Amino acid sequence: MLDYSQLETLATVLRLGSFEAAAQHLHVTQSAVSQRIRQLEERIGAPLVQRGSPCVGTETGKRLARHAQEVALMEARVTGAQPDPLARLRIAVNADSLGTWVLEALAEVPDQLYEIIVDDQDHSSDWLRRGEVSAAITAQERPPQGCNSIPLGVMVYVASASPEFMRKYLPQPVDKSSLEAAPMLVFNKKDTLQDVWIKRNFGLIHSKRSHTIPSTEGFVTAARLGLGWGMNPQVLVDEFLADGRLVRLVENSDLLVPLFWQSPRHLSDSLAPITEAVRRVSAERLPPMDTSVDK
């Protein structure tokens with residue numbers, strides 16, 4: 001059995017970044033915080049905190065801190081008590097969901113504090129698999145071991161650019177040669193949506209030029225201003241497609257990306273209010289999955 005006060009102390013140190021701040025929050029001395037961490041490290045047989053400014057957790061330390069947070073979440077759910085005011089539910093979310101509908105869902109459970117980890121939809125479940133978050137929105141249908149996977153709907157992506165950009169780089173019909181010369185937009189090095197769209201519609205091309213724009217809104221703006229073409233969430237560009245400020249590179253070529261809500265089974269009851277909010281809002285904001293979904 002692990003000592004809960006030691007686990008709570010570890011989680012507090014990692015949240016606040018220092019032994020001193022943790023001591024103030026827990027109303028104990030700094031030496032007491034150090035002693036609890038040392039005793040827990042001796043019990044586990046591994047270092048849990050990398051001392052510095054700020055202090056950060058080792059991989060084992062992060063897992064134990066998340067465990068402590070999950071225990072507190074379950075206790076609060078069972079007893080009806082308010083959780084630690086510093087405790088945050090860590091959720092891995094892709095940037096486009098965060099920028100379009102997820103916050104609306106989280107706002108339905110305002111008493112819970114959140115820490116959002118932003119990662120590509122093809123990689124967000126890795127955070128859950130490593131035990132670093134308590135839930136994830138992901139494009140991976142198969143969940144990590146011990147987790148549930150709930151289908152939410154699809155994000156529709158439109159390969160789009162400004163009319164001026166199209167006239168300069170991509171005269172109709174778009175072909176491989178023009179795509180090689182036309183600058184495209186990518187969110188970050190994990191973003192493969194543009195590559196998937198190219199391969200699906202044109203096969204492989206020899207070279208690509210790209211700008212990196214790590215912002216959902218900035219991505220749309222960059223396309224609208226003619227900086228490049230990219231896969232933009234349809235919900236954010238419908239207005240621009242309707243008034244002609246953006247145009248599709250190829251008609252009937254939208255990319256559909258399925259999204260799933262995944263979380264550990266043992267937290268199902270504790271996360272029930274958030275899970276229900278995510279399911280409800282996604283049903284309102286995302287098209288449903290069907291046999292045409294791209295996987």
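Buried means under 20% relative accessible area, exposed means over 50%, and partly exposed lies in between, with a 1.4 Å probe and protein chains only. This is a predicted model, where local features need pLDDT of at least 70, side-chain atom pairs count only at pLDDT 80 or more, and totals for chains, interfaces and linings use all residues. Residues are numbered from 1 along each chain as its sequence is written, and side-chain values use heavy atoms, with hydrogens and water left out.

**Exercise 1. Classify Thr-100 as buried or exposed, and list its contacts.**

Step 1. Place the residue. Thr-100 sits in helix α5, residues 95–106. Helices (H or I, at least four residues) and strands (E, at least two) are DSSP runs, numbered from the N terminus.

Step 2. Apply the cut-off. Thr-100 has 13% relative accessibility, so it counts as buried.

Step 3. Find the contacts. Contact means heavy atoms within 4.5 Å. Setting aside neighbours within four places in sequence, Thr-100 touches Met-155, Val-235, Leu-236 and Arg-285.

**Exercise 2. Do the same for Thr-216, then relate Thr-216 to Thr-100.**

Step 1. Thr-216 belongs to helix α10, residues 216–224.

Step 2. Its relative accessibility is 10%, so Thr-216 counts as buried.

Step 3. Beyond neighbours within four places in sequence, Thr-216 is in contact with Ala-95, Asp-96, Phe-187 and Leu-236.

Step 4. Compare sequence with space. Thr-216 and Thr-100 are 116 residues apart in sequence, and their C-alpha atoms are 8.9 Å apart. For Thr-100 and Thr-138, the values are 38 residues and 15 Å, C-alpha to C-alpha.

**Exercise 3. Describe the surroundings of Ser-124.**

Step 1. Ser-124 is in helix α6, residues 124–129.

Step 2. Relative accessibility is 0%, so Ser-124 counts as buried.

Step 3. Leaving out neighbours within four places in sequence, the contacts of Ser-124 are Ala-92, Asp-119, Ala-136, Ile-137 and Thr-138.

**Exercise 4. Check the length of helix α1 against its expected span.**

Step 1. State the rule. The expected span of a helix is 1.5 Å times one less than its number of residues.

Step 2. Apply it. Helix α1 covers residues 4–16, and its 13 residues should span 18 Å at 1.5 Å a residue. The end C-alpha atoms are 18 Å apart, so the two values agree.

Step 3. Look at burial. In α1, the buried residues are Gln-6, Leu-7, Thr-9, Leu-10, Ala-11, Thr-12 and Val-13.

Step 4. See what comes next. Gly-17 follows α1, with a positive phi near 85°.

**Exercise 5. Find which residues touch the most other members of the largest nonpolar core.**

Step 1. Define the core. A nonpolar core is a set of buried Ala, Val, Leu, Ile, Met, Phe, Trp, Tyr and Cys residues joined through side-chain atoms within 4.5 Å.

Step 2. Name the residues. The largest core holds 46 residues, and Trp-101, Leu-179 and Trp-229 touch the most other members. Strand β6, residues 147–161, gives this core its largest share, 6 residues.

Step 3. Look around Trp-101. Neighbours within four places in sequence aside, Trp-101 is in contact with residues including Ile-137, Leu-152, Met-155, Leu-259 and Val-278.

Step 4. Note the other core. Apart from the largest core lies another of 16 residues, among them Val-33, Leu-48, Val-49 and Ala-68.

**Exercise 6. Locate two cis peptide bonds and two non-glycine residues with positive phi.**

Step 1. The bond from Ser-53 to Pro-54 is cis, with omega near 5°. Pro-54 is in the loop between β1 (49–50) and β2 (56–57).

Step 2. The bond from Gln-172 to Pro-173 is also cis, with omega near -5°. Pro-173 is in the loop between α7 (163–169) and α8 (176–181).

Step 3. His-27 has a positive phi of about 60°. It is in the loop between α2 (19–26) and α3 (30–44). At 71% relative accessibility, His-27 counts as exposed.

Step 4. Asn-252 has a positive phi of about 55°. It is in the loop between β10 (247–248) and β11 (255–264). At 79% relative accessibility, Asn-252 counts as exposed.

**Exercise 7. Summarise the whole protein.**

Step 1. Count the elements. The protein has 12 helices and 11 strands.

Step 2. Give the burial. Of the 295 residues, 49% are buried.

Step 3. Give the extent. The C-alpha atoms fill a box of roughly 70 × 35 × 30 Å along the principal axes.
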